[in-house]
Amino acid sequence: MNFAVLQFPASNCDQDAIHALRDVLGHPARYVWHKETSLGDADAVIVPGGFSYGDYLRCGAIARFSPVMQAVKQFADNGGLVLGICNGFQVLTEAGLLPGALVRNRDLQFHCEHIFLKTATPDSPFTNKIPEGKWLKIPIAHGEGCYFADEETLAELKANNRILWQYCSATGELTEGANPNGSLLNIAGICNERRNVAGLMPHPERACERLLASDDGRWIFESMIATLQNRTVAKAA
Amino acid sequence: MKAKIVITPKRAVVDPQGKTVRNALEQMGHQGIKAVHVGKYLEIELDGADRETARKALDEACHKFLSNPVIEDYKLEVTD
């Protein structure tokens, strides 16, 4: 499967994503510069973490005007898989591809640590391979990761199983103590209505090898790959 | 012409910066501070003479870009 990893000025997790996809998972992955207007033959797009455009104005606010984001919107409208990680999640909310917003962490501190994620539903291209009852140990590294949305949006997300991941304790409980940033409902990641665009604050691309303390992040990419492979089979049939 | 834009967090959004500044003001001995809301201030210098046209264009820019309506409110003022 061909992955496109976007590069904005000050993206800094683009190389991690390429490494995880190409070297660890063995799938072709290439960088797509923010000035490009086409995603080429990409099967899936990763909007990586970092500080695109220096986080000027608001995190992700400028990146959404990049030419490449028009291509990403079109790709998403056509049903393509898009995963925003950390700053990529912020970019997708600012671009209107995902609802809500990411605001300053409750304690004003930048959190750089491993957390645990509970997968709220296997029903998405990003979660279908995650074993039931498996809490993912994945690092976070952000100062503005507190998920906020109005009551109506939260109700909609809940009703349609659009919350994909929630911060939990090591034993899978959704406690306040396990919530590193004050996100409403412990939300770490969500998807759009069509379920082909998702965003999360934790970094699965940094947790794909045992050497890096956890390889739980692989389940998220494996889910995407399995979804794409099923699509290819369905197309050929 | 000049436009002045003040962007503040919506009341429903937790504003840890505002709370921290408020606590610090109390530490300094300031009394009676109910709440502090930390926002942004933008000053935009404009060519052209029609204030209403400028206001309309900037109002749209505020809504679509300069503020995020999910989490922020804004006040826009255009002056000579």
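Two strands count as paired here if DSSP finds at least two bridges between them. With that in hand, welcome to this predicted model, where strand pairing is a good way in. Strand β6 (residues 111-119) and strand β9 (residues 163-168) of chain A meet the criterion with four bridges, in the antiparallel sense. Within this pair, A:Phe116 stands opposite A:Cys168 of β9(A).

**The sheet of chain A**

Let us step back to the whole sheet. It is open, has nine strands and shows mixed pairing, in the order β2-β1-β3-β4-β11-β10-β9-β6-β7 of chain A. At its edges lie β2 (29-33) and β7 (136-142), each of which pairs on one side only. On average, neighbouring strands of the sheet are turned by 25° against each other, direction ignored. As a reminder, strands of a sheet pair through backbone hydrogen bonds, either parallel or antiparallel.

The table below gathers some of the pairings in this sheet.

| Strand pair (chain A) | Sense | Bridges |
|---|---|---|
| β1 (residues 3-7) and β3 | parallel | three bridges |
| β3 (residues 44-47) and β4 | parallel | four bridges |
| β4 and β11 (residues 197-200) | parallel | four bridges |
| β6 (residues 111-119) and β9 (residues 163-168) | antiparallel | four bridges |

**Strands β3 and β4**

Strand β4 (residues 81-85) of chain A makes a nice focus, since five of its five residues are buried. Which residues cover each face of β4(A)? On one side these are A:Leu81, A:Leu83 and A:Ile85, and on the other A:Val82 and A:Gly84, all of them buried. The general background is that side chains in a regular strand alternate between the two faces of the sheet.

β3(A) has a similar story to tell. A:Ala44 and A:Ile46 are buried on one side, A:Val45 and A:Val47 on the other, and both faces of β3(A) are covered.

The bridge partners let you walk from strand to strand. A:Phe3 stands opposite A:Ala44 in β3(A), and A:Ala44 has A:Leu81 as its bridge partner in β4(A). Further along β3(A), A:Val47 stands opposite A:Gly84 of β4(A). Moving on to β11(A), you will find A:Val197 opposite A:Val82.

How are β3(A) and β4(A) part of a β-α-β unit, and with which helix? Helix α2 (residues 67-77) of chain A joins β3(A) and β4(A) in a β-α-β unit that is right-handed.

**Chain B and its contact with chain A**

Now to the partner chain. Chain B holds two helices and three strands, and along the sequence they follow the pattern β-α-β-α-β. With a radius of gyration of 16 Å, well over the 12 Å that the globule rule gives for 80 residues, chain B is more spread out than a compact globule. Its C-alpha trace spans about 45 × 25 × 15 Å along the principal axes.

Of the 80 residues in chain B, 16% are buried. Among contacts in chain B with a separation of 6 or more, 65% come from residues 24 or more positions apart.

Where the chains touch, nine residues of chain B and 13 residues of chain A take part. Helix α1 (residues 16-27) of chain B provides three residues, the largest share of the side of chain B that touches chain A. By character, that side of chain B has six nonpolar residues, three polar and no charged.

Notes. Residues numbered from 1 in each chain as written. Chains lettered and ligands numbered in written order. Predicted model: local features only at pLDDT ≥ 70, side-chain atom pairs only at ≥ 80, totals over all residues. Buried ≥ 20, exposed ≤ 12 C-beta atoms within 10 Å, placed from the backbone. Right-handed = clockwise from strand over helix to strand, strands pointing away. Axes fitted to C-alpha atoms, helices over the stretch in contact; angles between N-to-C directions. Contact = placed C-beta atoms within 7 Å. Nonpolar A, V, L, I, M, F, W, Y, C, P; charged D, E, K, R; others polar. Rg over C-alpha atoms; globule rule 2.2 N^0.38 Å.
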